[in-house]
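The exchange below asks how certain descriptive terms are justified for a single chain. Each reply sets a computed value against the criterion behind the term.

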Amino acid sequence: MSPSPFPSPSAPPAAAHPVPASCTDLFISFTLIALQGFGGVLAVIQREMVERKRWLSNEEFIEEWSVAQILPGPNVCNLALMIGQRHFGLAGAMSALAGLLAAPLVVVLALALVYARFADVPQVQGALRGMAAVAAGLVAATGLKMSAALGKNVLPLIVCVLIAAVAFVLLAWVRVPLAAVVLGLGGLGCVLAWRRLSP
C-alpha cells in the first residue's frame with residue numbers, strides 16, 4: 001500500500017519561517033510595535049512581522065491584512081488576534097491583543113490630560129498637523145512595499161492595479177462609503193480569483 005500523499009492530521013506542519021517563542025514573546029513584540037505606531041501601526045507591523053521577525057511572508061501578511069480589513073473592529077487589533085491565535089490559540093490571541101493595547105492606553109490617557117491643557121497652543125496644533133503628514137507618508141510607503149506581492153497574485157497584475165485604482169477613486173474622490181467599496185470591489189476580486197482557480 002503506497003503512503004498517503006496527505007500529512008497525518010496529528011503531524012505538526014513544518015515551520016516555513018520563525019515563530020514566536022511564547023505568549024510572552026507575542027505580548028512584548030506587539031507592545032513594542034504599538035509604541036512605535038504613531039499615526040497607525042500598519043507600517044510598523046508590516047516591517048516587524050515580515051522583515052524583522054519573519055513570522056509572516058509578505059504574501060501571508062497581505063492575506064491576513066485583507067481579512068483583518070473586512071472584519072468588524074480595528075483592523076490592526078484583528079490582525080494581532082489572528083497572528084496570536086495562529087501560534088498559541090486563544091491565549092496567543094489575547095496576549096497579542098493585550099500587548100497592542102496596554103501600553104498605548106497608558107500613553108493616550110497621559111497625552112489626553114496634557115492635550116486638554118495645551119490644545120489651544122498654536123505650536124501644539126502645528127505639531128499635530130505635521131504628525132498627520134508623516135502618518136500619511138508611512139501608510140503610502142507601506143502600500144508600495146506590499147504591492148510587490150501583487151506579482152504572485154492569482155489575478156493578473158493589471159487587474160489588481162485596476163481594482164486598486166478604482167477603490168482609490170471611489171474612496172478619495174467620489175466619497176463612496178468604505179463598506180460599499182469593500183463589498184463591491186472585494187466581492188469582484190473574490191469572484192475573479194475563484195474563477196481562475198476553478199478547474
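The questions below concern helix packing and the largest pocket of a predicted model.

Q: What makes up the chain in terms of helices and strands?
A: The chain has 7 helices and 0 strands. Read from the N terminus, its elements follow the order α-α-α-α-α-α-α. Along the principal axes, the C-alpha atoms fill a box of roughly 80 × 45 × 25 Å.

Q: Why is H6 called roughly antiparallel to H7?
A: The axes of H6 and H7 cross at roughly 170° and come within 10 Å. Angles over 145 degrees count as roughly antiparallel, and H6 is therefore roughly antiparallel to H7.

Q: Which residues of H6 and H7 meet?
A: On the H6 side they are Val-159, Ile-163, Val-166, Ala-167, Leu-170 and Leu-171, and on the H7 side Leu-178, Val-181, Leu-185, Gly-189 and Leu-192. By class, this contact comprises 10 nonpolar residues, 1 polar and no charged. Gly counts as polar, so the polar entry is Gly-189 of H7.

Q: Why is H2 called oblique to H3?
A: Helix H2 (residues 42-52) and helix H3 (residues 58-70) have axes that come within 10 Å and cross at roughly 140°. The roughly antiparallel class requires an angle over 145 degrees, and the roughly perpendicular class covers 65 to 115. The value of roughly 140° belongs to neither, so H2 is oblique to H3.

Q: What is the handedness of the crossing of H2 with H3, and which residues make the contact?
A: H2 passes H3 in a right-handed crossing. H2 contributes Leu-42, Ile-45, Gln-46 and Val-50, while H3 contributes Asn-58, Phe-61 and Trp-65. These residues divide into 5 nonpolar, 2 polar and no charged. Gln-46 and Asn-58 are the polar ones, because neither Gln nor Asn is listed as nonpolar or charged.

Q: How much space lies in the largest pocket, and which residues are closest to its centre?
A: The largest pocket holds about 1900 Å³ of space. It is lined by 38 residues, of which Ile-62, Ser-66, Leu-150, Ile-163 and Ala-164 are the closest to its centre.

Q: Which elements give two or more residues to the lining of the largest pocket, and which gives the most?
A: H3, helix H5 (122-146), helix H6 (157-172) and helix H7 (178-197) each give two or more residues. H7 gives the most, with 9 residues.

Q: How does the lining of the largest pocket divide by class?
A: The lining has 26 nonpolar, 9 polar and 3 charged residues.

Note on methods: Residues are numbered from 1 along each chain as its sequence is written. This is a predicted model: local features need pLDDT of at least 70, side-chain atom pairs count only at pLDDT 80 or more; totals for chains, interfaces and linings use all residues. Side-chain values use heavy atoms; hydrogens and water are left out. Axes are lines fitted to C-alpha atoms, for helices over the stretch in contact, and angles run from 0 to 180 degrees between N-to-C directions. Helices (H or I, at least four residues) and strands (E, at least two) are DSSP runs, numbered from the N terminus. Angles under 35 degrees count as roughly parallel, over 145 as roughly antiparallel, 65 to 115 as roughly perpendicular and the rest as oblique. A crossing is left-handed if the near helix is turned anticlockwise from the far one by less than a right angle, and right-handed if clockwise. Contact means heavy atoms within 4.5 Å. On a 1 Å grid over the protein atoms alone, a cavity is a set of points where a 1.4 Å probe fits but cannot get out, and a pocket is an open set with protein on both sides within 12 Å along at least five of seven lines; lining residues have an atom within 4 Å of a point. Grid points are joined across faces, edges and corners, and a volume is the space filled by probe spheres set on the points.
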